[in-house]
Amino acid sequence: MLRVSRISNNLKPLKLTRTMSHLIESDFLLQTKAFINGKWVDTGDSFDVSNPATGDVIQKVSNCGVGHYNEAVKGAHEAFAKFKQTNVRERAQILENIYDLMQEHKQDLAKIITIENGKPLKDALGEVEYSSMYFKWFAEEAPRVYGDVINSGVPGKQKIFTIRQPLGVVGILTPWNFPSAMIARKLAPAIATGNTSVIKPAHETPFSALALGALAERAGLPAGVCSVLPTNHTHEVGEYLCEHELVKKITFTGSTKVGQLLMGQSSKGKNIKKFSMELGGNAPFIVFEDADIDRALEGIIGCKFRQSGQTCICANRIFIHESVYDEFSKKLVERIESTFKLGDGLQDDVTHGPLIHQGSIDKVSALVQDAKTKGADVLTGGSRASTLGPLFYQPTVLGNVTESMNIFHEEIFGPVASLIKFKDIDEVISRANNTDVGLAGYFYSKDIATIFDVAEKLNVGMVGVNTGAISEPSLPFGGVKNSGLGKEGSKYGIEDYTELKAIVVAP
């Protein structure tokens, strides 16, 4: 049976600042005030942030309203006039400094993530490493924002050349599942290209964002270039940033529904904004008849159950060829029951933590119940782990999932693996593409013809072939269809933070 862990009596409840300070060595990383235009501001209002593993209140954090965001946007606009003129090497050095500081304080940063997000400390350390690499990557890309010289197609000797220029104030809206990485992936290219930013972190996980603000301050980032404003006025602030005429770009990671809402709100403003969005997914994970089963098993363990299934690129629908279905499903269940352990992420032996809030666990429970009612087999798990706390759900494997079940069509965002049998390539590609989103897709095969054929035909923005781990700073991260707009990371990540200007010179 799956191992679970009761919350250890040796872990002190995180209700007081002094308790967090006991866990975090560098006090400057624990900020409860908003970071606005280079100053730490007590707004006079606050909201509670809770540890999802224990339910305890971690600490109150300053609550920012529309007025505070207006102040931050105006400050960012003023700072932009000077920051866009800075030498690219200066910006690169600031990004390098942030990377160095993140490496120096990675243990503390990881603990902050675990406490406010719930993911195991090992996973949190991985997120800090991943986050820091974006600052490293764009420190190296900052000096390489190039233009082109284009030969004119009309008579005469005129020349055409292009340059890339920063946009201005960027509104950064990020989710709770990767509270450090999702900011880093947006903030680093914004700084590299000379933009300024106003960050609205998820209200569930503001401390990681504030810690990045503290690091940016120490790294030498000028006042107003990056402001971090915690808030639980999510709708009002999102609408305000979308309509604000001084905000030139919105970058958002979250659900497709909210992404569509933000674009609609932006249309009400006076100016047309640039958007980059990483939205929902429904990733297929395909195991072909000739696949290395053990390798595919390793892939699904990480790709499906990392962060308890709460990632946008998690495998959502797992298609297994009928000839290897029994072997794969049996090995998957054995692996989960023998190696997974639920509990508080600060405990050394815990592999999987809680879901983020009540709405998440209610959704997962409803999807599993619907699948069970319509004939899915529960191979392991299938219920809440309530003895640990209200937000824990057993890692689950459902067999014989079909299109009649809601779980086939909806993004699960929980620790549930849905196994689906298939017979041939054309069938599985058709079923895999039968969704209105297309962020990531994965498949395992040893046949080179199958690899190129399927990689081309999967209607997604990113494909993992014989791997379930695709995310890194050099990857152009983004989807197709309703999974978003633009690319983050890689050399292409610069494009969404700049405007291409064409210049024609006549002799």
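1. Before anything else, a bit of vocabulary: two strands count as paired if DSSP finds at least two bridges between them. Keep that in mind while looking at strand E7 (residues 159-166) and E24, because the rule asks for at least two bridges. Eight bridges join E7 to E24, and the two run antiparallel. One more thing to know early on is that this is a predicted model.

2. Let's stay with that pair for a moment. Which residue of E24 stands opposite Ile-160? Val-504 does. If you'd like a general picture, strands of a sheet pair through backbone hydrogen bonds, either parallel or antiparallel.

3. Now zoom out to the sheet around them. It is an open sheet of three strands, in the order E6-E7-E24, with antiparallel pairing. Strand E6 (149-151) and E24 sit at the edges with a single partner strand each, so one side of each has no neighbour in the sheet. From one strand to the next, the twist averages 30°.

4. There is also an open sheet of seven strands, and its order is worth tracing on screen: E16-E17-E18-E14-E13-E20-E21, with mixed pairing. Its edge strands are strand E16 (377-380) and strand E21 (462-465), each of which pairs on one side only. On average, neighbouring strands in this sheet are turned by 25° against each other, ignoring direction.

5. Inside that order you'll find E14 next to E13. In which sense do E13 and strand E14 (residues 315-321) pair, parallel or antiparallel? They pair in the parallel sense, over five bridges. For a concrete example, pick out Val-287, whose bridge partner in E14 is Ile-320.

6. Follow the chain on from strand E13 (283-287) and you get to the loop between this strand and helix H10 (293-305), where Glu-289 is found. Glu-289 belongs to a patch of negative charge on the surface, where it gathers with Glu-322, Asp-424 and Asp-426.

7. Last up, salt bridges: the count comes to 16. One of them is between Glu-488 and Arg-185, with the closest N and O atoms 2.9 Å apart. Why does this pair tie together parts that are 303 residues apart in sequence? Glu-488 lies in the loop between strand E23 (484-485) and strand E24 (498-505), while Arg-185 lies in helix H6 (residues 181-192), so the contact links those two parts of the chain.

Terms used
Residues numbered from 1 in each chain as written. Predicted model: local features only at pLDDT ≥ 70, side-chain atom pairs only at ≥ 80, totals over all residues. Heavy atoms only, no water. Patch = residues over 30% accessible without salt bridge, like charges linked within 9 Å, V, L, I, M, F, W, Y side chains within 5 Å. Areas by Shrake-Rupley, 256 points an atom, 1.4 Å probe, with all protein chains shown as cover. Salt bridge = Lys/Arg side-chain N within 4 Å of Asp/Glu carboxyl O. Lys, Arg positive; Asp, Glu negative; His and termini not counted. Charge placed at Lys NZ, Arg CZ, Asp CG, Glu CD. Helix = DSSP H or I, 4+ residues; strand = E, 2+ residues; numbered from the N terminus. Axes fitted to C-alpha atoms, helices over the stretch in contact; angles between N-to-C directions.
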